[in-house]
Amino acid sequence: ERTFSDDDAADLALMMIEKSILAATDKLKLCQEKAEQAENEAKAALEAKYDAKALAESIERERRAAEMRFLSTEHFSDDTEMMERRR
């Protein structure tokens, strides 16, 4: 009958350490993948933010330009009406 020896205990301890290292390595890889995914999502969100800001600025510039066109057209119409009244 075989008894549990010191070598068997050392082998078992070594095997448990190896399994712990493999599990920790797998967990580290998973964390790195999640961190990379989160970084990519953050980059995409930042890009979307800047795209939205650029669009808002473009819309605001166009609104101002339209307002200026409207005011200059309205002013021109007022001037034309006054000139016609003077005749």
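E60 and R63 lie three residues apart in helix α1, and therefore about one helical turn separates them. In this predicted model, their side chains meet in a salt bridge with an N to O distance of 2.6 Å. Both partners retain some accessibility: E60 is partly exposed at a relative accessible area of 27%, and R63 is partly exposed at 42%.

E60 has a further partner. The side chain of R64 also meets that of E60 in a salt bridge, at 3.3 Å from N to O. R64 and E60 are four residues apart in helix α1, so this pair too is separated by about one helical turn. R64 is partly exposed, its relative accessible area being 48%. These contacts belong to a wider arrangement, since E60, R63, R64 and E67 are linked in a network of salt bridges.

Another salt bridge joins E39 and K43, whose closest N and O atoms are 3.5 Å apart. Helix α1 covers residues 6-86, and within this helix E39 and K43 are four residues apart, which means that about one helical turn lies between them. E39 counts as partly exposed, with 45% relative accessibility, and K43 is likewise partly exposed, with a relative accessible area of 49%. The value for K43 falls in the partly exposed class because the exposed class requires over 50%.

The salt bridges described individually here are listed below.

| Salt bridge | N to O distance |
|---|---|
| E60 and R63 | 2.6 Å |
| R64 and E60 | 3.3 Å |
| E39 and K43 | 3.5 Å |

Each of these distances can be set against the criterion of a side-chain nitrogen of Lys or Arg within 4 Å of a carboxyl oxygen of Asp or Glu. By this rule, the count comes to five salt bridges. The pairs in the table are among them.

The surface also has a nonpolar feature. F4, L12, M15 and M16 make a nonpolar surface patch of about 430 Å². Of these residues, M16 is placed in helix α1, the helix that also holds E39 and K43. How accessible is M16, buried or exposed? M16 counts as exposed, at 51% relative accessibility; the class follows because this value meets the cut-off of over 50%.

Terms used
Residues numbered from 1 in each chain as written. Predicted model: local features only at pLDDT ≥ 70, side-chain atom pairs only at ≥ 80, totals over all residues. Heavy atoms only, no water. Helix = DSSP H or I, 4+ residues; strand = E, 2+ residues; numbered from the N terminus. Buried < 20%, exposed > 50% of the residue type's maximum accessible area, 1.4 Å probe, protein only. Patch = residues over 30% accessible without salt bridge, like charges linked within 9 Å, V, L, I, M, F, W, Y side chains within 5 Å. Areas by Shrake-Rupley, 256 points an atom, 1.4 Å probe, with all protein chains shown as cover.
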